[in-house]
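Below are some notes for a colleague who is looking through this model. They are ordered by topic, beginning with the sheets and ending with the charged side chains.

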Amino acid sequence: MNSRLVRGAVWSALLFAPFSVQAQRLAAPAWIPETERLRLRAQRPQRLQKAAELFQHETARAGLAAGDAFEAKTAAEDTLGRLHVRYERRHQGLRVLGGDVKVSLSHAGSSLSVARTKVRPLTHGSIGPTVAKTDAVDMLLRELRIDPSKAETNAELLIESAERNGQRDRLAWLISVQAPDTDHTYYLTDASTGRKFDSWAAVQTDSYTAHDGWGTGYYNKRVVIPTAFNESTNKYELMDPTRGNTRVYDFRDRAPSNSFNGEPYEKTNNDWGNGRDWEVGDSTSGLTGQSAAVDAMYAAKITWDLLLNVFGRESHNGNGSPFRLRVHARKDSGSLYGDAHWNTDCDCATFGDGAESESGHRADFATVAHELGHGYFYSGVGGDDNSGEKAGLNEGTGDILAAIANHYRVLANGQGTVVPDGPDVSLFRWRNVNPWGYKRGFGGYISGMQYEEEHVQGNVYARMFAILAAGAPSRAEYDQGPPCELSDRSVFRCLISLPQGVAGIGIQKAAQIFHLATVAKMDSSPTFHEARQDWLAAAEDLYGENSPEYRSVMTAFAAIAVGEAPADTQTPTVSMGLPVVDDGEQSVFVSVSTDDDIGVRTMDIRRNAFLMKGLHGDGFVGFLDLRGASFGSFALNATVRDAAGRSAAAQRNITYRGANYLIRDGGFELESSDWNWHTNADLLDEDNQAFLGSNYAAFTGDSWIRQRVSVPAGTTKLTLGFRVAVNRKVPAPVSSTLAVEIMNEAGTQVTDLVASIPSTVNTYDLSSNHYKKYTFNLTGYAGKTVWVRFRSDGSSSDPRRFRVDNVFLTYEGPVSAQFTAVVDEADRSVTFRVKNVTGTNLLDRIEIGSPGFPGRRMPASGVMAVDTSEFNENITYQVTARLLSAAGVKLAEIGPVAVRVKPSHHRLSNTGFEAANALFWTTTGNAAIVSDAGQDKHFAYMGGKYARIGGRGVSHVATLYQRAIMPDDFHSAKLSFRLRIESTDVSGDSGDYLNWISASLSKTV
């Protein structure tokens, strides 16, 4: 092949597993389906060759000089079916620093997009250095004041491109220097003068079978870790054959050097670590020393799976190369190492044990993912140099990958193709969310950023990602204080932002844009402003030009003072799918979708006026809690607002009917004594771990909870339901199970095994917060008293934990009651009674009625008196009672009962005091005719008025009387009345009381 043409790399290792992403808006380009991904994967060698051929035409068209060659280093596929290849440039055998070129082969394989500005002839002049290699090294060591006899050095002649230094192509020496008490560092010196002009830290035949081992780390207390059994030595090793032979090495409390790369961890059993933190004097290979290795291997496993499952990238470089992690390293021979670093020489990450005054080694999850993020960055953008703004973007990439991996670990259990969002914002907590929390942080980009320390720069870059994914408040909201003054769980919302605030697009979308920008768009010497263009190009590829995601990238970069924010010109839209109410579970499933040119800032979901869910960012799919809500019909509405304050709303009307519940406190929110708890069963309250509310029951080892219930005899349908989730931090052993049992009344014998749930059950549905629903028909237990028991079976040392929430036991059956009516002509009343209601606990109200008699609603007591004047005399009325739930559902209709009012002769008038102005009655003293209207308590027996005779705590005489005229021929007379005595005793006073009542009827002569 002509030297000007493309030289192929070894492609057999560049294989990627298929992956999928969440469904996007219809306006965005369509993701390729699974079958198409498999077809493209099978065509990988041909597609790589096609990309090489098309790139060959580009290099020929550019008129490159003889001796130019491009070697393929990495390849990555995106969700649109395109293949992105990074080529490293060499000229006459010399590596061109900053000369890497990325090309993208289209889905159809018919065209190639190329960064043509980088495919150009070099203008460096002669490739013969004026300063020889040994002289260049000697000059540098003299300048650094390092004894040459104690230094390990290496020098490479290369060409630094004009794209990297912003001026011209030039010949340079890249010199590696490692000496006692100094950091391993790379230096660039001018090959014509010897002048140092840039530097950066360098720290950036056996047969094995794969196994799962147990590990107890200092940070990850009990986890499943990948291991390998070496059939030659009959020992287990901390090596993962399923993930590129990833390995953790023991650095034996020694400082890094070119002569020692660490030793493998190996032992005869497959249980590693004891959870203790290593201290000077401990063995680094013993159980305590293994604790750091467990933490490192666990974090490496999750990070590998994130890259593969979510991004389709095998390892940090896409070639399936192993992660190499070294623990228990010292900074130098005289002091402990309180940090961690990535080394491009060994393509490995090294972790210290903390400084003298610190506790905890540096192989915690976030730090491991961060360091692997450096390897991901170097392989993605190309070049092993680390200076200027590239150093800051490199550090920020580590923080971003750590945040994504943390979400993937906690909210997806390290499985699946989606990185979920969650309200637990502590997952964003670290350097990347607090502009003032790491060294001398900045709120945004500043002039001269390239001269600032790389971690300070990186904080700004990663902060942009946090804003893009999760949003940030307006300046006015920030100045208000809360939630900015809450715990660090809310600190990400307190980032100073644009005046109107920023809407987040979710971590899944932000992560996809981040990945495509890093591996397919960035060149080998990026700046913050160039990175913005790369992110916009990635957002355009994934979601379309000028899409809300594209404009959100503009806004997020503007929030760190890089580029301008787009104007918010559109009113948002919102739509709500038909909600689904589960009366037994007391939940409602809601799906709300939104759209806006910048992004929806906030969304409130309300039940009538009651706020059920307050969200930042657009869209919601999940379950809302109806426990505590009144039964009946109500409006479910979603209101959204964008950054400009424009709003839109959508509404659905639903009915919550409820059910007859037998289990009490099934959601564990009341922390009641209805449940019996045993051994390792716990009632926990943790953020974002419950299905609804905040509490749930947790099981480890051999433990159980149970509740005693009595099932009504007339039950025709009995349903047990509950939600189960499995600890998302670690996979559980297949042998671990959760049994759901029905026991007899004595609680001593299991009478029926309802379910046996393995700890490997898939509960990773995002909309249910990773809870799986189970329901069982238990109608055979009608009329019995039983125990419902949840019991876990396993070792208390197992890291898995079952979570149970929203337990319900509902019944259906005939509803019955007693309905009576008593007519009292003398009392002028008909008293209706409904009592002994059975078959339901949903009774809310009773309505009675009959043809010719208007319907009435009975009070909750089930007793109501009606004036006989409402009935015609000597006519029989057939009155029925309807039992209704709060939702208006008729539970039963009882009766009819016969009501017949006979004629009677009354000599007193206005006996119910309903007529105006106390007609016919005379009062003295404090006696008065009073109306119930406007009072907190109602005292009338029938109607709305009554007579009150009382002195209110003072000595008094009060009377109430009416003159009655009796007929000449009457044979008997009867006086009757209703009396209610209200007495409130106060200190020093005996209260009011009725001394005596007199009444008389006289015959008129």
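1. This is a predicted model, and the points that follow should be read with that in mind. A convenient place to start is strand E48, where Ala892 is the bridge partner of Leu883. Strand E47, which covers residues 876-885, runs antiparallel to E48 and is joined to it by eight bridges.

2. The wider setting of that pairing is an open sheet of four strands, ordered E45-E44-E47-E48 and paired in the antiparallel sense. Its edges are formed by strand E45 (853-858) and strand E48 (890-900), each of which pairs on one side only. From one strand to the next, the twist averages 20°.

3. Another open sheet of four strands has the order E27-E26-E29-E30, again with antiparallel pairing. Here the edge strands are E27 (610-616) and E30 (647-656), each with pairing on one side only, and neighbouring strands are turned by 15° against each other on average, with direction ignored.

4. Within the sheet that contains E26 and E27, strand E26 (residues 600-607) pairs with E27 through six antiparallel bridges, and Asp604 stands opposite Gly614 in E27. Asp604 also forms a salt bridge with Arg606, in which the closest N and O atoms are 3.8 Å apart. The two partners differ in burial: Asp604 has 18% relative accessibility and therefore counts as buried, whereas Arg606, at 28%, counts as partly exposed.

5. Turning to the aromatic side chains, a search of the whole structure finds 30 aromatic pairs. In one of them, the ring centres of Phe377 and Tyr378 are 6.3 Å apart and the planes meet at 65°, so the pair is edge-to-face; both Phe377 and Tyr378 are buried. Tyr461 and Trp535 form an edge-to-face pair as well, with 6.1 Å from centre to centre and 85° between the planes.

6. Why does the pair of Tyr461 and Trp535 tie together parts that are apart in sequence? Tyr461 lies in helix H8 (residues 454-470) and Trp535 in helix H11 (residues 528-543), so the contact links parts that are 74 residues apart in sequence. Tyr461 counts as buried because its relative accessibility is 0%, and Trp535 counts as buried at 0% too. Both rings belong to one aromatic cluster, whose members are Tyr376, Tyr445, Tyr461, Phe465, Phe514, Phe528, Trp535 and Phe557.

7. Charged groups also sit over aromatic rings in this model. The charged end of Arg170 is placed over the ring of Phe197, 3.7 Å from its centre, and Arg409 lies over the face of Phe365, at 4.7 Å from the ring centre.

8. The count of salt bridges comes to 44. One of them joins the side chains of Arg120 and Glu163 at 2.8 Å, N to O. Since Arg120 lies in the loop between strand E6 (112-114) and helix H3 (133-144), and Glu163 in helix H4 (residues 162-165), this pair ties together parts that are 43 residues apart in sequence. Arg120 is buried, with a relative accessible area of 19%, while Glu163 is partly exposed at 29%.

9. A further salt bridge connects Arg164 with Asp385, with the closest N and O atoms 2.4 Å apart, and both of these residues are buried.

Terms used. Residues are numbered from 1 along each chain as its sequence is written. This is a predicted model: local features need pLDDT of at least 70, side-chain atom pairs count only at pLDDT 80 or more; totals for chains, interfaces and linings use all residues. Side-chain values use heavy atoms; hydrogens and water are left out. Two strands pair if DSSP finds at least two bridges between them. Helices (H or I, at least four residues) and strands (E, at least two) are DSSP runs, numbered from the N terminus. Axes are lines fitted to C-alpha atoms, for helices over the stretch in contact, and angles run from 0 to 180 degrees between N-to-C directions. Rings of Phe, Tyr and Trp (its six-membered ring) pair if their centres lie within 6.5 Å; planes under 30 degrees apart count as stacked, over 60 as edge-to-face and the rest as tilted. Buried means under 20% relative accessible area, exposed over 50%, partly exposed in between (1.4 Å probe, protein chains only). A charge sits over a ring if NZ of Lys or CZ of Arg is within 6 Å of the ring centre and within 35 degrees of the ring normal. A salt bridge is a side-chain nitrogen of Lys or Arg within 4 Å of a carboxyl oxygen of Asp or Glu.
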